[in-house]
Amino acid sequence: MASRLNLEKGQLIVYPAHGVGMIEGIEKQNIAGIELELLMIRFDKDRLLLKLPMSKIKDVGLRKLCSQQTVKKAIEALKTPMKRKKTMWSRRAQEYEAKINSGDLVAIAEVMRSLYRVEGDINQSYSERQIYQEAFSRFLKEYSAVENVEIEKATKDIEEFLSSVA
């Protein structure tokens, strides 16, 4: 699997449960008498170094950054007005969390679009803001990496995409 992804030190990858991380290397460790080959992934935002057994790469959904074509689809999803769902918030929150943790950039864009509110809107709950911020952060990092732009520029671009529909 590692060879199929062509994993290299310094490469940006997406770990669905944490977002964009950078490969720090591959090391061998003896754990409970078993020799394991571990992929080390650094997530700067969370100050986290994840050691993932190479045998689990497929199970966790580790992938390369998405293509520019996928970014275009995600931007279209951001610009498309969403219909308000009438289901209970707890069920919608679970759906939103599942979409964010899927690592699918288009699904994350849909969550952002659903929860986007104009600055200062008092009708958004704390939990809605938290889920929106998590989706925004995940989208921002991958968008910035794929488009090769600074975080500040990427933030401005994404806010413009969202406000074009609001």
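Colleague: Why is Tyr-116 called buried?

Modeller: This is a predicted model, and in it Tyr-116 has 15% relative accessibility. Buried means under 20%, so Tyr-116 counts as buried. You'll find Tyr-116 in the loop between α5 (105-115) and α6.

Colleague: What makes Trp-89 partly exposed?

Modeller: Its relative accessible area is 24%. Buried would need under 20% and exposed over 50%, with partly exposed in between, so Trp-89 is partly exposed.

Colleague: And how do you know whether Tyr-96 is buried or exposed?

Modeller: Same kind of check. Tyr-96 has 7% relative accessibility, and the cut-off for buried is under 20%, so Tyr-96 counts as buried.

Colleague: Why is the aromatic pair of Trp-89 and Tyr-96 called tilted?

Modeller: The centres are 6.0 Å apart, and rings pair within 6.5 Å. The planes make 55 degrees; stacked is under 30, edge-to-face is over 60, and the rest are tilted. So this pair is tilted.

Colleague: What makes Tyr-132 and Phe-136 a tilted pair?

Modeller: Their ring centres are 5.9 Å apart and their planes stand at 40 degrees, so this pair is tilted as well. Both residues lie in helix α6, 4 residues apart, about one turn of the helix. Ring pairs also link Tyr-132 and Phe-136 with Tyr-116 into a cluster.

Colleague: Now the sheet. Why do β4 and β5 stand at the edges?

Modeller: The order of the 5 strands is β4-β3-β2-β1-β5, and the sheet is open. β4 (48-53) and β5 (63-64) each have a single partner strand, so one side of each lacks a neighbour in the sheet.

Methods. Residues are numbered from 1 along each chain as its sequence is written. This is a predicted model: local features need pLDDT of at least 70, side-chain atom pairs count only at pLDDT 80 or more; totals for chains, interfaces and linings use all residues. Side-chain values use heavy atoms; hydrogens and water are left out. Two strands pair if DSSP finds at least two bridges between them. Helices (H or I, at least four residues) and strands (E, at least two) are DSSP runs, numbered from the N terminus. Buried means under 20% relative accessible area, exposed over 50%, partly exposed in between (1.4 Å probe, protein chains only).
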